[in-house]
Amino acid sequence: MIAQDNNAVIHREDYQPPLYRITDVALNVHLDPENTEVEARLHFQRLGSEPVSVLHLDGESLELLSVLRDGQPLAENLFRSDATGLTLLNPEPEFVLETRVRIHPAANSTLSGLYFAGGQFLTQCEAEGFRRITYYLDRPDCLAKFTVTLHASRKTCPVLLANGNCIAQGDEDNDWHWARWEDPYPKPAYLFAMVAGDLAVQRDVFVTQSGRSVTLEIYVAERDLGACDQAMESLKRAMRWDEEVYGREYDLDRYMIVATDSFNMGAMENKGLNIFNSKYVLASPETATDTDYQGVESVIAHEYFHNWTGNRVTLRDWFQLSLKEGLTVFRDQEFSADMNSRGVQRIGDVRRLRAAQFPEDAGPLAHPVRPDAYSEINNFYTATVYEKGAELVRMIHTLLGREGFRRGTDLYFERHDGHAVTIEDFVEAMEEANHYDLSRFRRWYSQAGTPQVKAEGSYDPKSRSYTLTLQQSTPATTGQASKEPVPVPVRLALLNTQGEKAVLDKTGATEKVILLEQASQSWTFEDLPDPVIPSLLRGFSAPVRLDITLDDQARSFLACVDDDPFNRWESAQELALKTLLAGVKNHQGLEVLPAALKQALSATLKQSQMDPAFRAELLTLPSEDYIGEQMPVIAVEAIHQARETLLDKIGAHFHDEWLGLYQDLAGAYDRDGASIGRRRLRNMALSYLIHSDHSRHEDMTLHARQQYVQADNMTDRLAAFQLLVQHPKHDAEDILLDFYQKWQDYPLVIDKWFAIQAMAPRLDTLRHVQHLLVHPVFDWKVPNRVRAVLGAFTMNPTLFHAADGSGYAFFAEQIRRLDDINPQTAARLATPLSRWQRYDKVRQQGMMHALQLLAAKTNLSRDLAEVIQRSYP
Ligand code: ARG
Ligand code: ZN
């Protein structure tokens, strides 16, 4: 009975508005790691005119101490409390409820609600953590004004923070003190936050476009104060960008960010008081790679942008999650594109989409961007809701143009500021501001699965015209057998044999967006004197799989001349992919480098004027996962072999070029884009040099050892470290030890140390990973650490998918253990097991067995139960 309740499925169609509103919340929190007491004073007002017989307040893991209504103890026949909350019977139309509960922050390893970790009190309330702090209408459409008073020991918690403004503070007996915070903006409980601990602060000031001064504060451990500059600078750039691009100004006098090592996700946009995984705050050249720096910039921006897209305008219910996440990811991607290289940014975004979202959309966990049902909402913070959601917003942007899109967001903010709304409201604002019909476009939000677009084109010299035919279809997904066509914006250009873009119409346009709306449509382009090669889906203008037959020569041509960076990269990838798939087929790998691929690589190697970061992208081979994605049955070992062989061949064939690049690109450490690109390309050259070594028998690892020792920054040091540790034949014990000793006091660096070992494609890795789990600094309670070992292991295809099933069995054992500690993280880590259909029979059995092992666990969490249940056919 309880188990059934626990796994109850919630449907979008069943949405009911709340029966009551809560106008004001006053919390009094006495912080103690073992036993914290929370007093809540809630002012309720009935919303309808009908009497209400039952009002349920959510509550979880709360020990009820007392409950008063309008100052009097509430009679026992007027309420009930159980594991799901507090039920009020026949409540008055208006009343003040006062509850007192006891909770246990130090024992809370779920990291949801109030928890005590690393000597600090922290909260995480999205999605449903507030109910673990006090009884409440814990739903995003219930907006209230909060006043929060924190009480704690002054010695252990000199800093006391909550949302909004600090309005009073003072001392108490026994060395305790208190602080009262007031947030003037009504908000849903998921945006509530409080923090208490011994924290140092870096301050700055931002002057908004209207001339208001905002105090910016980043709270970290004292010794991390030197590592906050990237976060602070990124925050100021994001604030300026949102003013310039969207006309959105910050609305409080203070913006606070707190960093913690104990966090389930990336970061959280609590009003005025963001709480961050320290991975996305701390960065110094010695400890953070260039990629880490970029991660800080984009997550800081993401959480800041939520202040308007998420907080000022919030969600009606959790099915609308992509309303804030898709839109905010789109905004942070565009911000990063404006701050860095647009082309390289787009390639990275699409790479992530294809690595995480496409497989999700093709497997049993597939769901629409706006899901229809869930049992545990935390399982829906997915690549589909975030990344595909961002792609949908991007398509609207493409269809309406930059100015049209801005008209749409202006209307959206004007209409819905201060309200809890739906995806439908957003789409309507876009339509109405532009008199543009998005009725069919809405299918993108309700249909799961990645559409496939097949393109066929031919040039007719007689009529001097090019005809392009596009066909679309979307494969069936669980619960959605048949699919309708969706509008697919296809940005295109036609390149003549000189590589020039042909004029496409009377306006003289050489690039345009055509809209594929039907299952099949054709377009004819006239007045073309020469044959043309199509450059389709430029900038990846829609999240589809494009199937176009182009011969090697055409691909190689596009890889050398296409002026759309994304498509140029895509052509290079396609050439490499074709070679790799051929290598997988004949198992021996390939004999020689195909001419077209060689030509494309050689052209890129010669382009010394080109942005080195983009050059590095062009020279990167598709990942093993991506290769597997293209095959009906993922041939784990053959893929690994084929890719290694191709790396060896490219390394050996261009050995002198790689060596030249490696030497020429050396330079002093700097943080500008050009230096970042240079390091990226140089480290890629080093990796190819190590590969060339197999055939040349020279010890290229010497270069790596030298670089490891001499590097003055983490990007170069880690690149060398990884090459040495993951080399199948190299013994790197000394380097492993050295790295550990150098960085043992830096948890984020030690996470890298763990992850690189867990990802090594070496025969002894499983045994090694077993040792890592009992290493003195391995900690089951710290998600970053757990992900660094178990998450990294799932990204090690030959080991995780070992044919004897050892990887799966080991993994399932660990997830079982983790589920009792942190169900959210356990459920998320377990999702690779859902892809069992993609493997051969033997592996399928191993994966099913692992799922069964988990299903049989006692006290299985709702989080993990839902993932397992949906993974079955
Ligand atoms: N809203 C946060 C973000 O912007 C994600 C928080 C999700 N946390 C969770 N436990 N589900 O990405
Ligand atoms: Zn977000």
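## Report on the predicted model

The protein chain has an average pLDDT of 97, and 98% of the residues score at least 70, pLDDT being the predictor's confidence in each residue on a scale from 0 to 100. For the complex, the predictor gives an ipTM of 0.98 and a pTM of 0.98. This is a predicted model, in which local features need pLDDT of at least 70 and side-chain atom pairs count only at pLDDT 80 or more, while totals for chains, interfaces and linings use all residues. Residues are numbered from 1 along each chain as its sequence is written, and chains are lettered from A and ligands numbered from 1 in the order in which they are written.

**Ligand 1**

The surroundings of ligand 1 comprise 13 residues, of which Glu126, Met265, Met268, Asn378 and Tyr381 come nearest; a residue is near a molecule or strand if its C-beta atom, placed from the backbone, lies within 6 Å of it. By class, this shell holds 4 nonpolar, 7 polar and 2 charged residues, where Ala, Val, Leu, Ile, Met, Phe, Trp, Tyr, Cys and Pro count as nonpolar, Asp, Glu, Lys and Arg as charged, and the others, Gly among them, as polar.

**An open sheet**

Met268 also belongs to the description of a sheet, in which Met268 stands opposite Ile275 in E21. The sheet is open and is formed by 5 strands in the order E17-E18-E19-E21-E20, with mixed pairing. Its edge strands are E17 (200–207) and E20 (267–268), each of which pairs on one side only. Strands (E, at least two residues) and helices (H or I, at least four) are DSSP runs numbered from the N terminus, and two strands pair if DSSP finds at least two bridges between them. Strands of a sheet pair through backbone hydrogen bonds, either parallel or antiparallel. The pairings below show both senses within this sheet.

| Strand pair | Sense | Bridges |
|---|---|---|
| E17 and E18 (residues 213–220) | antiparallel | 8 bridges |
| E18 and E19 (residues 254–260) | parallel | 5 bridges |
| E20 and E21 (residues 273–277) | antiparallel | 2 bridges |

Across the pairing of E17 with E18, Arg203 stands opposite Glu217 in E18, and in the hairpin of these strands, which has 5 residues between them, Gly211 takes a positive phi near 95 degrees. On the other pairing of E18, Tyr219 stands opposite Val258 in E19.

**The nonpolar core**

Val258 appears again in the largest nonpolar core, which has 238 residues and in which Leu150, Val195, Val258, Val281 and Val789 have the most contacts. Such a core is a set of buried Ala, Val, Leu, Ile, Met, Phe, Trp, Tyr and Cys residues joined through C-beta atoms within 7 Å. The element that gives the most to this core is helix H6 (residues 383–416), with 10 residues. Leu150 touches Val29, Leu31, Leu160, Ala162, Trp178, Ala179, Met194 and Ala196, when residues up to four places away in sequence are not counted; two residues are in contact if their C-beta atoms, placed from the backbone, lie within 7 Å.

**Enclosed helices**

A residue is buried if 20 or more other C-beta atoms lie within 10 Å of its own, exposed if 12 or fewer, and partly exposed in between, with C-beta atoms placed from the backbone. In helix H25 (residues 823–830), 8 of the 8 residues are buried, so the helix is largely enclosed by the rest of the structure. The cover over the buried residues of H25 includes helices H22 (783–794), H24 (806–821), H26 (841–855) and H27 (862–871). Arg828 is among the buried residues of H25. Helix H12 (residues 612–619) is likewise largely enclosed by the rest of the structure, because 8 of its 8 residues are buried, and among them are Arg615 and Glu617.

**Three individual positions**

Gln345 lies in helix H5 (residues 342–362) and is buried, with 22 other C-beta atoms within 10 Å. Its contacts, not counting residues up to four places away in sequence, are Gln333, Ser336, Ala337 and Asn340. From C-alpha to C-alpha, Gln345 and Asp251 are 30 Å apart in space and 94 residues apart in sequence.

Glu334, in helix H4 (residues 321–339), counts as buried with 22 C-beta neighbours inside 10 Å. The C-alpha atoms of Glu334 and Val245 are separated by 10.0 Å, although these residues are 89 residues apart along the chain.

Ala502 is found in the loop between strand E27 (488–496) and strand E28 (512–516), where it counts as partly exposed because it has 18 C-beta neighbours inside 10 Å. Ala502 touches Leu494, Asn496, Thr510, Leu528 and Val532, again leaving out residues up to four places away in sequence.
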